[in-house]
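Me: I have a model open and would like to test a few labels against their definitions. Shall we go through them together?

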Amino acid sequence: MSAGKVALRAAAVALACGAPPLAAQEPAEVQAADAPGSADERAASMVVLMTLEEKLTLLKGYFGTDFTPGRFEAPEDARYGSAGYVPGIPRLGIPPQWQADAGIGVATQGGAAEKRARTALPSGLAVAASWSPEIAYAGGAMIGAEARADGFNVLLAGSVNLMREPRNGRNFEYAGEDPLLAGIIAGAAIAGVQSNGIVSTIKHFAVNDQETDRNNGNALVDEGALRMSDLLAFEIAIERGDPGAVMCAYNRVGGLYSCENPFLLEKVLREDWDYPGYVMSDWGAVHSTAASANAGLDQESGFGLQRADWFEAVKLEAALAAGEIAEERIDLMAARVLRSMFAHGLIDNPVTEGRSIDFGANRAVSQRAAEAGIVLLKNDGDLLPLAGGGGRIAVIGGHADKGVLSGGGSSQVYPDGTNAVPGIEPTTWPGPVVYYPSAPLDELRQLLPEAMIEFADGSDPAAAARLAAASDIAIVFGTQWASESIDVPLALGEGQDALIEAVAAANRNTVVVLQTGGPVLMPWSGSIPAIVEAWYPGRAGGAAIARALTGEVNPSGHLPATFPASLDQLPHPELRRGDLEYPEGAAVGYKWFDARGHAPLFPFGHGLSYTEFTFDHLAVAREGDGLVALVDVHNTGKRAGADVVQVYVSGPGWEAPRRLGGFARVQLEPGETERVEIHIDPRLLGTWYAGRPGWTHAAGAYTVTVAHSSRELGESLLVELPPMHLPPDWKPAR
Ligand code: BGC
């Protein structure tokens with residue numbers, strides 16, 4: 001046994017016997033990092049060896065990028081252009097934590113002079129629209145591999161805030177409005193990131209569901225409703241993804257800031273979910289020293305970007321001296337950080353900078369995700385796919401001759417190659433607006449070599465209409481830029497609705513292709529036969545769009561969020577500040593629309609294909625505390641394609657007529673049938689009452705329905721369930 005390991009063992013024994021820890025000057029203590037044991041044991045042993053100063057080092061992160069000349073210079077050891085850096089402790093073999101935003105790809109902070117070029121996936125919402133945990137995992141694994149090659153070991157990913165507010169400027173980073181779908185997709189993406197031996201966060205905990213007033217907004221939702229909505233999405237994603245860190249949010253929840261909120265950080269996260277990792281703050285989301293530490297915050301992030309410095313060593317030391325924080329609390333905070341570093345490979349398999357990246361292979365991962373997430377919203381008269389052969393096609397607007405749009409803010413990924421449309425305002429935070437160089441026009445020309453494809457930029461609607469009139473078919477590209485730190489109107493804006501109407505008036509064979517952060521209103525939808533939602537489609541988005549339009553790939557995405565028909569259908573038609581009451585409670589998205597009987601423009605779960613799918617022979621059985629549904633899925637059309645089979649459940653006294661109970665994405669050849677099995681988590685059959693914590697199943701009849709969307713329902717079966725109560729810490733057996 002090495003001297004270091006002996007020292008570690010002795011230190012652990014000393015701690016157990018209440019003796020003072022070993023002096024810190026053991027010569028070979030750097031080997032303490034190699035000690036055997038579980039991550040918890042190794043972390044606990046390591047803490048014993050640390051001086052107070054060393055422990056405090058782990059609790060404070062710096063912004064990783066210089067900020068406003070003279071205001072803040074990033075520590076020398078930070079990776080350029082990154083979001084964060086926490087120094088290591090070389091004496092003990094603990095590496096620094098190099099943190100990068102990485103929800104969509106490895107991001108570069110806008111302030112950095114030189115941008116790191118990396119592969120962007122389609123938006124988080126696009127990935128959610130695939131309803132495919134495999135695709136989400138593959139995307140996460142790709143990002144994690146690029147991050148590792150760059151020397152990052154903590155990725156600020158796993159964004160899972162529910163879409164309560166369709167105008168939220170960050171909806172594109174998230175995974176939609178349903179807790180089950182969002183939790184499964186975000187969990188898979190986190191697991192993919194961490195398959196590289198690095199940590200992913202899950203964020204932003206919790207109810208950071210709009211950007212307006214995000215530093216002060218106070219989400220007010222009943223505990224029961226929260227447990228069944230926003231918190232359930234986190235719970236499922238944590239179970240499936242096992243993220244090393246949870247990032248607490250900017251906003252307040254129930255009156256207290258998220259990062260000093262004992263209900264969120266102690267009761268929910270630790271007591272009920274038994275979460276073993278550490279809690280880091282969002283950048284500048286801390287407002288106190290002792291209150292935050294005692295409430296369960298382990299690490300403050302981003303010193304420099306925000307001036308907050310509540311976990312500065314002198315402040316923590318003063319709080320210790322004043323008895324406001326106990327020494328054990330500091331040990332616990334340091335141990336939690338270390339535990340994740342051990343559990344996820346940061347110490348055993350350290351990252352190094354400067355490895356090469358296979359951009360070709362990674363672009364293919366991104367393209368596959370984009371193709372799986374593109375949603376064919378409408379296709380009257382089978383206008384799509386575009387016919388091969390000759391003909392005249394007008395492509396109009398949306399910079400389709402240059403590239404595809406991406407969302408802005410800290411998640412912004414800069415492409416290999418250049419911004420295809422530089423100079424669009426805002427060019428600084430929350431910009432720049434970035435178009436990836438993957439032009440749908442070029443890709444269409446390649447796929448349809450015999451067609452005559454012409455472009456009008458759309459700035460002159462009359463000219464665009466003339467081109468459309470002279471063409472067999474017109475494809476209008478509509479874009480909506482959204483970004484962190486702003487919310488956006490539920491509209492395309494900039495005269496694009498009028499452009500679409502002018503083109504449609506000139507040519508009834510008009511297709512609209514949307515690149516939006518989330519839902520938009522479509523005042524023209526009635527007169528447009530074919531509508532495609534491509535979201536922000538990522539680095540190879542132009543190819544993905546062209547392949548979906550031409551039928552090279554059969555669209556298979558389904559909406560992860562309701563597209564409202566009008567603003568007055570929303571639970572809160574106005575964007576608000578301050579106290580944010582959410583009248584919908586647990587009935588987020590389609591549940592609200594169903595409960596109120598509103599007819600959406602396009603419902604949650606909706607998505608067409610160039611083939612047809614039918615279901616029959618639904619069977620339902622009890623399975624553990626939940627249910628399992630089995631159904632035959634047939635591809636009755638003429639093309640191969642993927643379907644998303646959805647199972648909705650209904651129960652007595654629920655907040656809404658239906659909840660998504662489970663789903664499966666299945667790929668079928670023409671004429672092929674598959675019997676799919678869909679497992680229904682018992683939490684989705686229960687109700688959380690504030691007075692009776694946990695999941696209560698009332699005795700009675702529950703309905704299980706197989707469906708193409710939340711509004712296109714198929715066969716149903718009734719199941720009688722006995723009364724049951726699952727405790728707050730119930731977890732699925734996995
Ligand atoms: C965002 C986080 C992000 C952090 C670091 C904050 O503004 O809310 O999502 O990870 O910055 O860039």
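Me: What makes the pair between the side chain of Lys-203 and an oxygen atom of the ligand a polar contact?
Reply: In this predicted model, where local features need pLDDT of at least 70, side-chain atom pairs count only at pLDDT 80 or more, and totals for chains, interfaces and linings use all residues, an N or O atom in the Lys-203 side chain is 3.0 Å from a ligand oxygen. A polar contact is a pair of N or O atoms within 3.5 Å, so this pair qualifies. Numbering runs from 1 along each chain as its sequence is written, and side-chain values use heavy atoms, with hydrogens and water left out.

Me: How do you know that Asp-101 makes such a contact too?
Reply: An N or O atom in its side chain is 2.4 Å from an oxygen atom of the ligand. Asp-101 is also among the residues that come nearest to the ligand, along with Arg-170, His-204, Asp-282 and Glu-484.

Me: Why is H16 called roughly parallel to H17?
Reply: The axes of H16 (residues 461–469) and H17 (residues 496–506), lines fitted to C-alpha atoms over the stretch in contact, come within 8 Å and cross at roughly 30°. Angles run from 0 to 180 degrees between N-to-C directions, and those under 35 degrees count as roughly parallel, so H16 and H17 get that label.

Me: What makes Trp-131 worth a look?
Reply: Trp-131 has a positive phi of about 50° although it is not a glycine. Most residues other than glycine have a negative phi. Trp-131 sits in the loop between H5 (124–129) and H6 (133–149).

How values were computed:
Near = heavy atom within 4 Å. Polar contact = N/O pair within 3.5 Å; in protein donor to acceptor, adjacent residues only side chain to side chain. Helix = DSSP H or I, 4+ residues; strand = E, 2+ residues; numbered from the N terminus. Parallel < 35°, antiparallel > 145°, perpendicular 65-115°, else oblique.
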